[in-house]
Amino acid sequence: MKKPFAGLLCIGLCFACLTGSQAQENQEYNFLISGVPQYILTNALRIDFDIHQKESPHWLVLSPYYYIDRSSVDLLNLGGSDDYYDLYSYDQIVGLGLGISRKTFLVKKPVSQGIYLQYGCSYKFFNIDGNNYVFVQHTGEDGLPYQEMENIAYTLQIHSAGAFTTLGYQIQLMRSFYMDAFIGFGVKYSHHTSPDAV
């Protein structure tokens, strides 16, 4: 229940800021720090650092990611069953990542509001520790290879690289408070190492 509660808390804070805001003169900034609240639902944190490239509509965006999860709770029942062989059971997930992108506003002024196009790339690394049933290959007495399931401690490492582009709209709701809505698409390539090499 803590994940839905965290999401509702973020939404409530946004609405509280909206309803409590008063009409103020908009001020332009050359450096913005923003959070991406939907990552909280996946036990992650993403912060965007937007750096304005002076005398242009372009911004450099640095997006560090941090993931940690020790709950091993499958809220979506991705394993499909409650038996002993659950591919989605783990003890801990820790992940780090960094995204680099360029955001270009499609209007001349102001330079931090309006419709924008953003494109960039990201890299993420995950380390997953657990104790689960995995396939292990043994050589039988007849000299042939056999696959058996054994309950062993394992470490799974995932390297993920991606590229994306988004179209968005950013608006200043009150002094030092922006809201950003976006939609887009991306591609991702992942590689992992695991005990059963599958």
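Visitor: Which residue forms a salt bridge with Asp180, and how far apart are the closest N and O atoms?

Guide: The general idea is that side chains of opposite charge can pair when their charged atoms come close. Here the partner of Asp180 is Lys103, and the closest N and O atoms of this salt bridge are 3.7 Å apart. Since Lys103 lies in strand S4 and Asp180 in strand S7, the pair ties together parts that are 77 residues apart in sequence. The term salt bridge stands for a side-chain nitrogen of Lys or Arg within 4 Å of a carboxyl oxygen of Asp or Glu. Strands (E, at least two residues) and helices (H or I, at least four) are DSSP runs, numbered from the N terminus.

Visitor: What kind of model am I reading, and how do the numbers work?

Guide: This is a predicted model, in which local features need pLDDT of at least 70 and side-chain atom pairs count only at pLDDT 80 or more, while totals for chains, interfaces and linings use all residues. Residues are numbered from 1 along each chain as its sequence is written, and side-chain values use heavy atoms, leaving out hydrogens and water.

Visitor: How many salt bridges does a search of the whole structure find?

Guide: Three are found. In one of them, the side chains of Asp50 and Lys103 meet at 3.1 Å, N to O. Asp50 sits in strand S2 (residues 44-52) and Lys103 in strand S4, so this pair ties together parts that are 53 residues apart in sequence. Asp50, Lys103 and Asp180 are thus linked in a network of salt bridges. Arg46 also takes part in a salt bridge, with Asp48, where the closest N and O atoms are 2.9 Å apart.

Visitor: Does Lys103 count as buried or exposed?

Guide: To read that, use the relative accessible area: buried means under 20%, exposed over 50%, and partly exposed in between (1.4 Å probe, protein chains only). Lys103 counts as buried because its relative accessibility is 3%, and Asp50 is buried at 3% too. Asp180 counts as partly exposed, at 32%. In the other pair, Arg46 is buried at 13%, and so is Asp48 at 9%. Across the protein chain, buried residues make up 29% of the 198 residues.

Visitor: What is the order of the strands in the sheet?

Guide: In general, strands of a sheet pair through backbone hydrogen bonds, either parallel or antiparallel. This protein chain has one helix and seven strands, following the pattern α-β-β-β-β-β-β-β along the sequence. The seven strands make an open sheet with the order S1-S2-S3-S4-S5-S6-S7 and antiparallel pairing. Its edge strands, S1 (31-35) and S7 (177-193), each pair on one side only. From one strand to the next, the twist averages 15°. Two strands pair if DSSP finds at least two bridges between them; the axes behind the angles are lines fitted to C-alpha atoms, for helices over the stretch in contact, with angles from 0 to 180 degrees between N-to-C directions.

Visitor: How many bridges join strand S4 to S5?

Guide: Strand S4 (residues 92-105) and S5 run antiparallel and are joined by 14 bridges; Gly99 stands opposite Ser122 in S5. Twelve bridges join strand S3 (residues 58-69) to S4, again antiparallel, and Tyr67 has Gly95 in S4 as its bridge partner.

Visitor: Which side chain does Gln118 meet in a polar contact?

Guide: A polar contact is a pair of N or O atoms within 3.5 Å; within protein, one must be able to donate a hydrogen and the other to accept it, and residues adjacent in sequence count only if both atoms are side-chain atoms. Gln118, in strand S5, is buried with a relative accessible area of 8%, and its side chain joins that of Ser101 at 2.7 Å. Thr104 lies in strand S4 and is buried at 15%; a polar contact of 2.8 Å joins its side chain to that of His58.

Visitor: Which residues form the nonpolar patch on the surface?

Guide: Patches are made of residues with over 30% relative accessible area and no salt bridge, joining like charges within 9 Å and nonpolar side chains (Val, Leu, Ile, Met, Phe, Trp, Tyr) within 5 Å. Leu106, Ile115, Leu117, Tyr119, Leu167, Tyr169 and Ile183 form this one, with about 700 Å² of accessible area together. Such areas come from the Shrake-Rupley method with a 1.4 Å probe; for residues, only the protein chains shown count as cover. Strands S5 (114-139) and S6 (145-174) each supply at least two of the patch residues, and S5 gives the largest share, three residues. Tyr169, in strand S6, is partly exposed at 44%.
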